[in-house]
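Let's take a short walk through this model together. Keep your viewer open and your selection tool at hand.

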Amino acid sequence: QVQLVESGGGLVQPGGSLRLSCAVSGLRVSIADIGWYRQVPGNQREWVTTMSSGGATYYADSVKGRFTASRDNAKNTLYLQMNSLTPEDTAVYYCKSILLNLWGQGTQVTVSS
């Protein structure tokens, strides 16, 4: 059974940083395309970034230059380093197995002073 579990969310001041984690079980991240998405209540879920099985990364324009996706194959975990956060980054962040269309439960990120 494949599971994705996000963690690392929280409250941070504008300009601050957070690192989210997506721990994956039942699927090797080294052979999987994994995406990060975010959703504000009342809005559609928004794509943030994708890391391909080959390690290539793609970013939405809204986060390019501020967010960095990475992974640790030994820990079977993906990370999303988020810098220079703004209140517009406030959302629930999800990771997703692209192939299986399987989502984690999400982690809340709140950027506020």
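**First stop: the sulfur link**

Select Cys 22 and Cys 95: the link between them is right-handed, with 75 degrees about the S-S bond. Bear in mind as you look around that this is a predicted model. Now show the two sulfur atoms, which sit 2.1 Å apart in the disulfide of Cys 22 and Cys 95. No need to hunt for others, as the structure holds one disulfide. A disulfide is a covalent bond between the sulfur atoms of two cysteines.

What does the pair tie together? Colour strand 3 and strand 9 (residues 91–97) to see. Cys 22 belongs to strand 3 and Cys 95 to strand 9, so the disulfide joins parts that are 73 residues apart in sequence. Are Cys 22 and Cys 95 buried or exposed? Switch on a surface to check: both are buried.

**Second stop: along strand 3**

Stay with strand 3, and select the whole of it, residues 18–25. Strand 1 pairs with strand 3 in the antiparallel sense, over five bridges. For one spot along this pairing, pick Gln 3, which stands opposite Ser 25 in strand 3.

**Third stop: the whole sheet**

Zoom out to the open sheet of four strands, where the order is 1-3-8-7 and the pairing is antiparallel. Select strand 1 (3–7) and strand 7 (67–72) at the edges: each has a single partner strand, so one side of each is left without a neighbour in the sheet. To finish, look at the twist: on average, neighbouring strands of this sheet are turned by 20 degrees against each other, direction ignored.

Technical notes: Residues are numbered from 1 along each chain as its sequence is written. This is a predicted model: local features need pLDDT of at least 70, side-chain atom pairs count only at pLDDT 80 or more; totals for chains, interfaces and linings use all residues. Side-chain values use heavy atoms; hydrogens and water are left out. Two strands pair if DSSP finds at least two bridges between them. Helices (H or I, at least four residues) and strands (E, at least two) are DSSP runs, numbered from the N terminus. Axes are lines fitted to C-alpha atoms, for helices over the stretch in contact, and angles run from 0 to 180 degrees between N-to-C directions. A disulfide is a pair of cysteine sulfur atoms within 2.5 Å. Buried means under 20% relative accessible area, exposed over 50%, partly exposed in between (1.4 Å probe, protein chains only).
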